[in-house]
Amino acid sequence: MHHICKATAIAAIAISTTDAFVANPATRTNLPATRAATNFVTSTLATHNPSPRHLPTQLYDTKDDDRQDNEIERLKKMAAKLRAEAAALEADKANQLAEAAEKAFRKFDVNSDGAISLTELKAGLEKALKTDISEARVKELMDVFDKSGDGELQLDEFVTVDRFRNQLEALSREEKRLASEAVQESKRQEQEALLAEARLEFLNEKEPTTNEKVLSIIPYLLQESKRQEQEALLAEARLEFLNEKEPTTNEKVLSIIPYLFPLMDGLQYGRFLLGGADQEGANPFVVALALLYTLYRSIPFSGFVSFFALSTLSGNPSINRLVRFNMQQAIYLDVALFFPSLLLGVGGLIAGGVGIQVPQQAGELFSDVMFGTLLLTLLYCVGSSLFGKEPASIPIISNAVKDRMPTIDMFDDDGRFAPTPKDEDGDKSNKDK
């Protein structure tokens, strides 16, 4: 029983002393402490609770129980008294601080307008602390205590001089800390700059001098010179392969021979003009043409043989371009001769079908005009070729021949022949535009 009472007293003292120094004990609840004390007492009772077989051997002292209860009651009263005294002390201290703050407020409020301005706060603090304070520091103080944010301190925002002093010291410590960090950061950046400079010195990554700049472009110049030399050799090889050089005299003479092919096929239009070749005193040129035409016709399939021979030889790039151009143009001229005869034949059939008799003079005139046009065209081609120039001014035909002639642009970078279709060239030119 003694142990039980002792445990109960200790728990009560713990409960009382928990609230001994609370300013307003009525606002606190003793539920957690009471629960803890109850648990403690219960455990103590469980520990010291004798088993049923020992109950008869234990004695209970009622006087000791009363004395313990009185002691607990006395301790509770003492705890309540201490709480009341602590609350009184705290209230007294709060009143003193409020009075000190109000007294200091009146001293700082020089114009008695009920608010402390930035100027008044600076002057009051310098007078109270006997030290100069910067305007920036006073502004920081104002920002800390000005809860309303109106730029002035009212009475409820004003604090004692000691609070201002403590805040100034805190701001000073913060400023020193920031300054120290700034110094450390500056040292770190300086060390990094020195390290970077050392790396540049080691790697020699400084700004190049004029001589170094000149030396640096030499490899590029050598590379460019080598590239240009290779391009020149490639262009020369392409020219050699295509044989687009200036034609020699023999090549000029050789280039006019293909035009005999359209001349032989076009003599049919000149039968009226050349009809007197059998007579005595005929023109030697006409006689030579007659003999040449007879020889040409004596060869079986002479027209097809001439066509395929010219077509095959014109695809040989080793032959001079002028010769190849004239071969192609001779083929086109020969093909063009087919259309007038076709037109004349169809016109005669239509006229016969409708009962119209075409005069013989009209047919002869048409043939003479066609033969004269052919001779003029061939004379232009022969004359231009003998002067070493391509006869490329014949409408439609010359343009068609140019499109079929291989050029340097049709070779890739490796020198392989890769002709570009005309449609792709057109699309490329449109994209460039």
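Let's start at Arg137: with a relative accessibility of 14%, this arginine counts as buried, the cut-off for that being under 20%. Keep in mind as you look around that the model is predicted. Arg137 sits in helix α5, and if you skip its neighbours within four places in sequence, the residues in contact with it are Leu168, Leu171, Ser172 and Glu175.

Arg137 has buried company along α5, which runs over residues 135–145: Val138, Leu141, Met142 and Phe145 are buried too. Those buried residues span an arc of only 145° around the axis, so they end up on the same side of α5. Part of what covers them comes from α4 (118–129) and α6 (161–203).

Now for the charges. Side chains of opposite charge can pair when their charged atoms come close. Arg137 has a salt bridge with Glu140, where the closest N and O atoms are 3.2 Å apart. The two are three residues apart in helix α5, which means about one helical turn separates them. Unlike buried Arg137, Glu140 is partly exposed, at 35% relative accessible area.

Helix α6 has a pair with that kind of spacing as well: Arg188 and Glu185 are three residues apart, or about one helical turn. Their closest N and O atoms are 2.2 Å apart. Both ends are partly exposed, Arg188 with a relative accessible area of 35% and Glu185 with 32%.

A salt bridge with more reach in sequence joins Glu244 and Arg321, at 3.7 Å from N to O. Glu244 is in the loop between α7 (210–242) and α8 (249–255), while Arg321 is in helix α12, so this pair ties together parts 77 residues apart in sequence. Glu244 is partly exposed at 25%, whereas Arg321 is buried at 18%. Back at our starting point, salt bridges with shared partners link Arg137, Glu140 and Glu175 into one network. The structure holds 15 salt bridges.

On to the nonpolar side of things. The largest nonpolar core has 27 residues, and Tyr259, Leu263, Leu333 and Leu378 are among those with the most contacts inside it. Helices supplying at least two residues each include α9 (260–266), α10 (284–298) and α14 (360–386), but α12 gives the most, with six. Leu378, leaving out neighbours within four places in sequence, is in contact with Tyr259, Pro262, Leu263 and Leu333. Another core, of 19 residues, lies apart from this one and includes Phe105 and Met142.

Finally, look at the surface. A nonpolar patch there, with about 770 Å² of accessible area together, includes Val335, Phe338 and Ile356. Helix α13 (residues 338–353) gives the most to this patch, five residues.

Note on methods:
Residues are numbered from 1 along each chain as its sequence is written. This is a predicted model: local features need pLDDT of at least 70, side-chain atom pairs count only at pLDDT 80 or more; totals for chains, interfaces and linings use all residues. Side-chain values use heavy atoms; hydrogens and water are left out. A nonpolar core is a set of buried Ala, Val, Leu, Ile, Met, Phe, Trp, Tyr and Cys residues joined through side-chain atoms within 4.5 Å. Buried means under 20% relative accessible area, exposed over 50%, partly exposed in between (1.4 Å probe, protein chains only). Helices (H or I, at least four residues) and strands (E, at least two) are DSSP runs, numbered from the N terminus. Contact means heavy atoms within 4.5 Å. Patches are made of residues with over 30% relative accessible area and no salt bridge: like charges are joined within 9 Å, nonpolar side chains (Val, Leu, Ile, Met, Phe, Trp, Tyr) within 5 Å. Accessible areas come from the Shrake-Rupley method with a 1.4 Å probe; for residues, only the protein chains shown count as cover. A salt bridge is a side-chain nitrogen of Lys or Arg within 4 Å of a carboxyl oxygen of Asp or Glu. The arc is that of the directions from the helix axis to the C-beta atoms.
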